[in-house]
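Work through the exercises below with the sequence and the model at hand, and try each task before reading its solution.

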Amino acid sequence: MTAAIPSLRERDVPFQTVSGRPIDRLYTPESLPNFDYERELGDPGAYPFTRGIHPTGYAGKLWTMRQFAGFGTPEDTNRRYRALLAAGATGLSVAFDLPTLMGRDPDHPLSLGEVGKCGVSVASLADMEALFDGIPLADVTTSMTINSPAPMIFAMYLVLAERQHVDWQTISGTIQNDILKEFIAQKEYIYPPRPSMRLITDIFAFCASHVPRWNTISVSGYHIREAGATAAQELAFTLRDGIEYVQAGTDAGLAVDQFVPRMSFFFNAHSDFFEEIAKYRAARRIWARVMRDRFGAADDRSLKLRFHSQTAGVSLTAQQPMNNVMRTALQALSAVLGGTNSLHTNSLDEALALPTAEAATLALRTQQILAYETGVTSAIDPFGGSYFVERLTRDFEEETERYFRTIDGMGGMIAAIERGYPQREIADSAYRFQQDVERKRQIVVGVNDYVSETRVAVPTLQIDESAARQQLAKVDRLRRTRNTVAVRRALDRLRRMAAGTENTMPALLDAVRAYATVGEMCDALRDVWGEYQEQAII
Amino acid sequence: MNTIRVVIAKPGLDGHDRGAKVIARALRDAGMEVIYTGLRQTPEQIVAAALQEDADVIGLSILSGAHNSICSRLMELLRQKGLTDVLVVLGGIIPDADLPGLKAMGVSAVFRPGTTMQDIIDFVQTHRIPRLPAGAKAAD
């Protein structure tokens with residue numbers, strides 16, 4: 001049966017998604033030949049988990065409302081965390097400043113002007129203690145967006161738990177720890193790919209025995225998408241990164257079901273509503289199939305893709321900033337309809353600066369309104385069976401498999417990165433999108449259409465150099481008061497571990513206990529492994 | 001008129017290079033000679049690149065909030081090297097409050113989110129500073 005589409009005049013605009021995917025006018029049973037409910041969907045909580053990983057959907061547990069925050073000194077950020085927890089946030093998420101993300105201390109020349117600007121400055125265990133002052137680690141789960149220095153920061157969190165007398169067996173949280181997307185998109189790498197992968201498998205192994213409830217990695221498409229990837233590229237590169245990590249773990253001698261259940265994912269909640277919903281559903285289905293068929297996983301938990309999502313920072317506009325509230329709400333809605341397990345909503349002022357406390361609260365309230373007022377949490381996977389959404393889900397699966405074949409053919413993701421393949425794909429998509437905006441094939445309200453001459457000023461958060469001055473003074477004091485012999489000995493041991501094959505985590509924990517700084521620990525590994533230099537591609 | 005030579009640079013620790021790369025490609029497609037320095041360049045390295053490449057224009061991309069410190073250092077170095085005829089433009093997330101200070105330092109234009117590629121191309125084509133004949137610069 002084919003529904004007749006009346007041949008009336010249509011608006012003269014391209015009918016395509018924000019990723020450039022053409023969209024038909026109508027989807028019917030013919031859009032889904034040989035559709036098989038059990039094979040493609042299954043019930044919620046059942047293989048291949050297209051409809052979600054929990055049999056009860058959001059009826060059992062809502063998503064975690066986890067707002068990413070960090071700025072200035074650890075004391076500044078600690079105040080923001082306490083306010084977020086008091087406002088009903090159900091998890092913490094730490095944004096570190098660029099020196100911390102790049103493994104540099106506040107007093108390093110490259111840290112000039114960057115200390116405390118894009119996130120909180122954490123140079124040593126002393127800063128970690130201040131960051132979580134009055135926040136019992138037994139009662140919160142903490143996500144930490146840290147990649148190259150992930151083992152150092154994670155070691156600080158573990159030593160802090162030790163000092164709070166909280167058992168490592170019980171604490172939970174996430175470290176992003178995803179270096180591949182740094183090489184591909186965000187570019188906050190330190191070491192070359194292969195030693196970087198070894199640090200990650202060290203964490204997999206360490207957590208499997210000592211911190212069993214910790215999410216050891218958050219394989220991230222967010223940054224890939226922000227860098228300009230299409231939805232299909234985001235999905236394919238992220239899942240292929242996931243495959244690379246699983247392979248690395250098994251190559252390091254771990255059994256799949258020993259570490260994969262603690263892997264998690266992180267996607268971008270972008271603007272094209274239905275495409276995004278289909279993307280999340282496809283992600284779960286593809287991962288379940290890959291884990292079962294490619295890696296022979298037996299434990300159900302290895303097959304279930306759990307993911308965090310964040311609304312698309314790149315979609316926010318500096319013009320008419322109040323419009324960003326609507327964008328964020330709709331993006332968040334698509335993530336919820338796609339079954340996100342955790343969500344960050346951006347603040348309206350983020351194309352201008354880091355968010356103010358008021359803007360961050362409004363963003364959190366947006367999630368609460370979705371959860372408690374709209375009713376979208378009642379029925380599980382409400383778009384399951386939609387001709388349109390099921391067809392998009394299928395298309396994503398096929399596109400992802402095509403990318404998998406290309407990348408496998410290059411010898412895996414590291415080899416593909418070394419030849420600049422994903423980087424070039426993303427740069428091409430970013431340029432195409434910008435051309436679409438300039439030619440008005442893509443309308444951005446308030447930017448290239450519906451422009452307003454009246455400027456609406458919103459208050460923005462100012463971070464001056466006083467945070468940098470405080471952090472510099474603190475690190476200077478630390479270097480003068482700690483036991484320097486213990487620090488030197490710990491760093492020497494770390495170098496030896498890095499040069500050999502033993503797990504690096506115990507040496508890092510000892511270095512942290514001696515108050516070695518992030519920069520010192522990262523430098524010790526730079527001494528052994530060197531630094532990565534990318535071939536810039538434009 | 002000679003081909004305009006542009007150095008596009010990403011100073012500071014930030015790695016978000018989408019904007020820098022899109023602009024580099026747009027200027028190249030508009031017929032300019034574009035040299036992209038890659039990531040994490042110090043002001044010293046950027047000035048050295050501008051000197052070596054005989055750049056007419058330096059385009060900086062800074063999203064991390066470090067623009068005041070970085071631009072101040074860069075403009076100082078350009079003055080020291082006598083490169084006062086190089087047009088310096090900046091793209092990124094720059095608060096209103098910082099605009100007068102950047103202008104006073106000698107940054108010719110600040111392009112913020114939402115700026116079109118065409119606006120940037122037009123600005124560079126109109127404002128590039130005509131070069132003195134080779135050798136004339138060595139007067140000091």
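**Exercise 1.** Determine what the buried residues of helix 19 of chain A pack against, and establish on which side of the helix they lie.

*Solution.* The buried residues of helix 19 pack against helix 3 (74–86) of chain A, where helices are DSSP runs of H or I with at least four residues, numbered from the N terminus, and contact requires C-beta atoms, placed from the backbone, within 7 Å. The model is predicted, so local features need pLDDT of at least 70 and side-chain atom pairs 80 or more, while totals for chains, interfaces and linings use all residues. Residues are numbered from 1 along each chain as its sequence is written, and chains are lettered from A and ligands numbered from 1 in the order in which they are written.

Next, identify the residues: Ala467(A), Ala468(A), Gln471(A) and Val475(A) are buried, that is, 20 or more other C-beta atoms lie within 10 Å of their own, whereas 12 or fewer make a residue exposed and counts in between make it partly exposed. Because they cover an arc of only 95 degrees around the axis, they share the same side of helix 19 of chain A, the arc being that of the directions from the helix axis to the C-beta atoms. On the other side, the exposed residues include Asp476(A) and Arg480(A).

**Exercise 2.** Decide whether Asp105(A) is buried or exposed, and locate its contacts.

*Solution.* Asp105(A) sits in the loop between helix 4 and helix 5 (125–131) of chain A. Asp105(A) is buried because 23 other C-beta atoms lie within 10 Å. Leaving aside residues up to four places away in sequence, its contacts include Pro99(A), Thr517(A) and Val475(A), and Val475(A) is among the buried residues of helix 19 of chain A.

Definitions and conventions. Helix = DSSP H or I, 4+ residues; strand = E, 2+ residues; numbered from the N terminus. Contact = placed C-beta atoms within 7 Å.
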